[in-house]
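Student: I would like to request a close look at a single part of this protein. Please treat that part in detail and then place it in its surroundings.

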Amino acid sequence: MDTKRGPVMITNEQKIIIDYYENIGSAIKGHLVDIVDGPIVYNFIVKPGENSKLNTIKKAASEHNYMIAYSSKQINVQIPKETRQVVFLDKLLKTKEFKNTDAILPIIMGVDTFGEIMIKDLRKLPHMLVCGRTGCGISVFFNSLLKSLKSAVPATECKFIIIDPKGADYDIWKSDKHLMCPMVKLDAKAAVQKLQEVTELIDERYQKLQNNKVKNVEEYKKKTNKKDMPYIVVVIDEVADLRTSAKKQTELCVQYVAQKARAVGIHLIIGTQRPDALSGIIKANMPTRVSFQARTGVNSMQMLGEKGAENLLPNADILFSDAGRIPVRIHTPYVEC
Ligand SMILES: Nc1ncnc2c1ncn2[C@@H]1O[C@H](COP(=O)(O)OP(=O)(O)O)[C@@H](O)[C@H]1O
Ligand SMILES: [Mg+2]
C-alpha cells in the first residue's frame, strides 16, 4: 500500500496537549485522567504520582503562568484556550440555578473553569473588596452584580447607592428604581458626604432594631411588617481615588460601615486598583476578597493571602476568597453598561 509522506499538521488542541506534557506534566509525574473543555480554559485533570511534591508542581505551574487547583486526589491544570468564549450575564440570569436560588441577595459571580454558574449570597459575604488594574473588568463586574440583584430582588426590597469617582460606567442606572439616590460621580467630597450619610442611616436603623427588641433586619421585617428597611448595596468603583483626597474620612466611614452594617441590611462592594494603598483597617474589616489579575505575586498575597492571581488572564478572570478560604477561580460575566 502506498503511504504518503509529508508535513504533519498539528491542531491547536494537540499543541496545547504537547505544551502540557513539556511544561508541567513532568513535574506532576502522574497520569492525565481527563481534559474538560471550559469556556475559557481547558481543565487538565491529573492524578498525581505518589512521589509528586505539591511545591514542585506549583513552581512549574507558576513558571509557565498556568493556574492550578488541587485537592488531595487530583490536580486541575488550567490551560488558556486560544480563543475564549464570552460568558454573557443575560444567559446566566435565565438558568434554573439562579431562578431557584434561595440566596437573599443573590449575585452571579460568573462561571467556574468548567463553565458552571457561581452564585453567592451578598447577605452572607457580607461585604466585598475587589482589586484589579484598569481594563481588567471591574466596572463590568460590578454592573453584573447589580443586574443580578435587580433581577432577583424588587426595588422596594433592595436599593443601590453608586459612587463612581471615575464617572463613566454606571449611566444605565440613572433612572432605575433600584437607585436610592442620584449617583455620585467624579466628586470626592460628595462621595465622602454620601458615605457619612450611610453611617448615619446605620445608626438610625440600629435605633429601630433596639426599639423593636430585634437583632437584625429580617427579624425587624417579620415583627413589624414594615417595608422601611430595604437592603442597601453601596458600590464604590474606585476607593483609592477617594482616599487620596479625603483619606481619613473615607477610611473612618468605610470602617464603620464594614463593621456595623450587616445587621441593618447594608452591604459594601468596593473596588480598587491598588491593594497596597488600602489601610489595614479597611482590609481587616473586609474579609471577602476578589482579585483580578495581579501585577505580582506580592500583590496577590496582599489581597488573598497567597500567590496565584498574577497568573490569571488579563481580563474578566478572578480569584474569589470567602473569609480566608482557599481562593476559587471564576470567569466574570459580560454585560452591556
Ligand atoms: N466579562 C467580560 N467578558 C468580556 N469582556 C469583558 C468582560 N468584562 C470586561 N470586558 C471588556 O473589558 C473592557 C474593560 O472593562 P471595565 O469593566 O470597564 O474595566 P475596568 O473598570 O476594570 O477598568 C470592557 O469594555 C469590555 O470590553
Ligand atoms: Mg472601571
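My question concerns the residue Ala-316: is Ala-316 buried or exposed, and what is its relative accessible area?

Tutor: The model is a predicted one, and the description below should be read with that in mind.

Ala-316 is buried, with a relative accessible area of 11%. The residue belongs to the loop between helix H10 (297-304) and strand S13. Its phi is near 55°, a positive value in a residue other than glycine. As background, most residues other than glycine have a negative phi. A useful counterpart is Lys-29, which also is not a glycine and has a positive phi of about 50°. Lys-29 is placed in the loop between helix H1 (12-28) and strand S1 (31-37). Lys-29, however, is exposed, and its relative accessible area is 56%.

Strand S13 comprises residues 317-321, and 5 of its 5 residues are buried. Asp-317, Leu-319 and Ser-321 point one way from the strand, while Ile-318 and Phe-320 point the other way. This arrangement follows a general pattern: in a regular strand the side chains alternate between the two faces of the sheet. In S13 the residues pointing either way are all buried.

S13 has pairing partners in strands S12 and S14. With S12 (residues 289-291), S13 pairs in the antiparallel sense over 3 bridges, and Ser-291 stands opposite Leu-319. With S14 (residues 328-331), the pairing is likewise antiparallel, over 4 bridges. Here Leu-319 stands opposite Arg-329. S13 and S14 form a hairpin with 6 residues between them, and in the turn Ala-323 has a positive phi of about 50°.

The surroundings of S13 can be followed through Met-109. Leaving aside neighbours within four places in sequence, the contacts of Met-109 include Ile-318 and Phe-320, two residues that point the same way from S13. Also among the contacts of Met-109 are Val-290, Ile-330 and His-331. Met-109 is one of the four residues, with Met-128, Phe-141 and Ile-266, that touch the most other members of the largest nonpolar core, which has 71 residues. A second, separate core of 16 residues includes Tyr-20, Ile-28, Tyr-42 and Val-46. In soluble globular proteins, nonpolar side chains tend to be buried together.

Met-128 also leads to another backbone feature. Strand S7 (128-131) is preceded by a loop that joins it to strand S6 (117-121), and Pro-126 is found in that loop. The peptide bond from Leu-125 to Pro-126 is cis, with omega near -15°.

On the wider scale, the domain assignment gives domain 1 (12-80) and domain 2 (89-331). The centres of the two domains, taken over C-alpha atoms, are separated by 33 Å. Contact between them involves 14 residues of domain 1 and 11 residues of domain 2.

To return to the starting point, Ala-316 combines a positive phi with a buried position, in the loop that lies between H10 and S13.

How values were computed
Residues numbered from 1 in each chain as written. Chains lettered and ligands numbered in written order. Predicted model: local features only at pLDDT ≥ 70, side-chain atom pairs only at ≥ 80, totals over all residues. Heavy atoms only, no water. Core = buried A, V, L, I, M, F, W, Y, C linked by side-chain atoms within 4.5 Å. Buried < 20%, exposed > 50% of the residue type's maximum accessible area, 1.4 Å probe, protein only. Contact = heavy atoms within 4.5 Å. Pairing = 2+ DSSP bridges. Domains from an automatic or database assignment.
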